[in-house]
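Let's take a walk through a protein together. Have the sequence and the 3D view ready, and look up each residue as we come to it.

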Amino acid sequence: MTMAPKQLSTVLLAVCATFLALAAPLLAGDPDMLQDFCVADYKSLNGPLRLNGFPCKRPENVTADDFFSAALALPGNTGNPVGSAVTAANVEKLPGLNTMGVSMSRVDYAPWGVNPPHTHPRATEIIYVLEGSLDVGFVTTAGKLFARTVCKGELFVFPRGLLHYQKNNGDAPAAAISAFNSQLPGTQSLALALFAASPPVPTDVLARALQIDGGLVEAIKSKFPPM
């Protein structure tokens with residue numbers, strides 16, 4: 001029996017909707033939780049058991065404080081060479097985030113301060129500017145830069161895993177809040193990964209990759225203490 005075009009369209013729409021519903025958990029930053037909550041039991045890390053995440057506290061030991069944090073209330077110390085400070089509120093600091101698939105950070109910037117190029121391998125980031133104005137951008141795997149200025153009250157999205165940065169473009173302090181679709185998005189700084197890894201990335205590899213002299217590589221490495 002041949003379906004009418006209208007019936008065929010309805011069936012195809014239903015199939016697509018079903019596929020997207022089934023695929024959604026696979027696209028999330030973290031696995032879906034299977035209970036109301038799973039407050040991280042940090043003490044379990046002293047034992048032999050290791051999980052992708054944290055084991056759960058027993059429900060009778062959970063309190064409201066497990067879901068509370070004032071970590072983002074105060075500005076971070078931007079008195080460092082790059083002029084920025086990132087304060088994280090992830091599952092390592094807030095146990096109630098375990099299995100929830102979300103986290104946040106506060107980023108403070110000194111005048112003209114930079115949050116240097118970095119990636120979040122496990123999450124997409126959306127940034128909201130609290131104060132000031134930022135020049136932001138990310139680079140795709142094809143090498144294309146997407147960049148613009150983001151002002152107070154505005155948002156910008158950095159796709160998961162792509163190299164990105166932010167710079168305060170003014171002579172006054174700035175601040176922003178970042179949200180992630182992972183309880184522990186991870187952060188890999190480009191400069192630290194290349195020049196402060198332990199053990200170090202071989203100098204000749206970096207010299208060839210960056211097309212610079214090995215002596216210059218060593219000079220750059222001297223500015224970054226090993227991680």
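A salt bridge, as we'll use the term, is a side-chain nitrogen of Lys or Arg within 4 Å of a carboxyl oxygen of Asp or Glu. Keep in mind that you're looking at a predicted model. With that rule in hand, how many salt bridges does a search of the whole structure find? The search turns up four.

Side chains of opposite charge can pair when their charged atoms come close. Let's visit some of these pairs. R58 and E60 form one of them, and their closest N and O atoms are 2.6 Å apart. Are these two buried or exposed? Both R58 and E60 are exposed. Now jump to R106 and D108, whose side chains also meet in a salt bridge, at 2.9 Å from N to O. Here the setting is buried, for R106 as well as for D108.

Another pair is E131 with K152, where the closest N and O atoms are 3.3 Å apart. E131 belongs to strand β4, while K152 sits in the loop between β6 (145-151) and β7, so this salt bridge ties together parts that are 21 residues apart in sequence. Why does K152 count as exposed? Because its relative accessibility is 52%, and exposed means over 50%. E131 has 41%, so it counts as partly exposed.

Next, follow the strands. Find β9, which covers residues 174-180. Six of its seven residues are buried, so you can think of this strand as mostly covered. Which strands does β9 pair with? One is β2, in the antiparallel sense, over seven bridges. To see a single bridge there, look at V107, whose partner in β9 is A176. Another is β4 (residues 125-131), again in the antiparallel sense, this time over six bridges. On that side, I126 has A179 of β9 as its bridge partner.

Now for the greasy inside. In soluble globular proteins, nonpolar side chains tend to be buried together. The largest nonpolar core in this model has 13 residues, and the ones touching the most other members are Y109, I127, L134, V136, F156 and F158. At least two residues of this core come from each of β2, β4, β5 (133-139), β7 (155-158) and β9. Which strand gives the most? That's β5, with three residues. Apart from this core lies another one, made of five residues, including A40, F54, V91 and L94.

Zoom in on F156 for a moment. Leaving aside its neighbours within four places in sequence, F156 is in contact with E125, I126, I127, V136, F138, F146, R148 and V150.

Finally, let's come back out to the surface. F37, F67, M100 and V102 make a nonpolar surface patch of about 310 Å². You'll find V102 in the loop between β1 (84-89) and β2 (103-109). With a relative accessible area of 42%, V102 is partly exposed. Another residue to look up is F68, in the loop between α1 (5-27) and β1. F68 has a relative accessible area of 56%, so it is exposed. And how far is F68 from L97 in space, C-alpha to C-alpha? The distance is 9.7 Å, although the two are 29 residues apart in sequence.

Definitions and conventions. Residues numbered from 1 in each chain as written. Predicted model: local features only at pLDDT ≥ 70, side-chain atom pairs only at ≥ 80, totals over all residues. Heavy atoms only, no water. Patch = residues over 30% accessible without salt bridge, like charges linked within 9 Å, V, L, I, M, F, W, Y side chains within 5 Å. Areas by Shrake-Rupley, 256 points an atom, 1.4 Å probe, with all protein chains shown as cover. Helix = DSSP H or I, 4+ residues; strand = E, 2+ residues; numbered from the N terminus. Buried < 20%, exposed > 50% of the residue type's maximum accessible area, 1.4 Å probe, protein only. Pairing = 2+ DSSP bridges. Core = buried A, V, L, I, M, F, W, Y, C linked by side-chain atoms within 4.5 Å. Contact = heavy atoms within 4.5 Å.
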